[in-house]
Amino acid sequence: MLLVIAEPRVGLRPGRIEPRQRKRRPKSFPLLTKPRAEAREEVRLNGHPKKQR
């Protein structure tokens, strides 16, 4: 009985194809495109940029 319960069963889903990749969740911050020290200095002088939508 336990073997029947533990048997993996998946329903038929024809046409269901999903790429095997991890999908990144969207972030509300832009990418860091300059050296970290340079970006820190800019934040220190000008403050953090406004939130992008």
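How many buried residues does helix 2 (residues 36–46) have among its 11 residues? Keep that in mind as you open the model, which is a predicted one.

**Stop 1: the whole chain**

Start with everything selected and colour by secondary structure. You should find two helices and zero strands. Now switch on the surface. The chain exposes about 6600 Å², and carbon and sulfur atoms supply 56% of that area. Of the chain's 53 residues, 2% count as buried.

**Stop 2: helix 2**

Next, select residues 36–46, which make up helix 2. Here is the reply to the opening question: one of its 11 residues is buried, and the helix is hardly covered. Then step just past the end of the helix and click on Gly 47. This glycine follows helix 2 and has a positive phi, near 85 degrees.

**Stop 3: a salt bridge inside the helix**

Stay with helix 2 and show the side chains of Glu 41 and Arg 44. These two form a salt bridge, with their closest N and O atoms 2.7 Å apart. Why can they pair up along the helix? Glu 41 and Arg 44 are three residues apart in helix 2, so about one helical turn separates them. An α-helix has 3.6 residues a turn, so residues three or four places apart point the same way. Turn the view and compare how open the two partners are: Glu 41 is partly exposed at 34% relative accessibility, whereas Arg 44 counts as exposed at 60%.

**Stop 4: a second salt bridge**

Now select Lys 34 and Glu 42. They too form a salt bridge, and here the closest N and O atoms are 2.5 Å apart. Lys 34 is partly exposed, with 31% relative accessibility. Its partner Glu 42 is also partly exposed, with a relative accessible area of 40%. With this pair you have seen the full count of two salt bridges.

**Stop 5: the largest pocket**

For the last stop, select Pro 30, Ala 39, Val 43, His 48 and Pro 49. Among the 19 residues that line the largest pocket, these five lie nearest its centre. The space in this pocket comes to about 570 Å³. What kinds of residues make up the lining of the largest pocket? Seven are nonpolar, six are polar and six are charged. Try colouring the lining by these three groups to see where each one sits.

Terms used. Residues numbered from 1 in each chain as written. Predicted model: local features only at pLDDT ≥ 70, side-chain atom pairs only at ≥ 80, totals over all residues. Heavy atoms only, no water. Helix = DSSP H or I, 4+ residues; strand = E, 2+ residues; numbered from the N terminus. Buried < 20%, exposed > 50% of the residue type's maximum accessible area, 1.4 Å probe, protein only. Areas by Shrake-Rupley, 256 points an atom, 1.4 Å probe, with all protein chains shown as cover. 1 Å grid on protein atoms, 1.4 Å probe; cavity = no way out; pocket = protein on both sides within 12 Å on 5 of 7 lines; lining within 4 Å. Points joined across faces, edges and corners; volume = space filled by probe spheres on them. Nonpolar A, V, L, I, M, F, W, Y, C, P; charged D, E, K, R; others polar. Salt bridge = Lys/Arg side-chain N within 4 Å of Asp/Glu carboxyl O.
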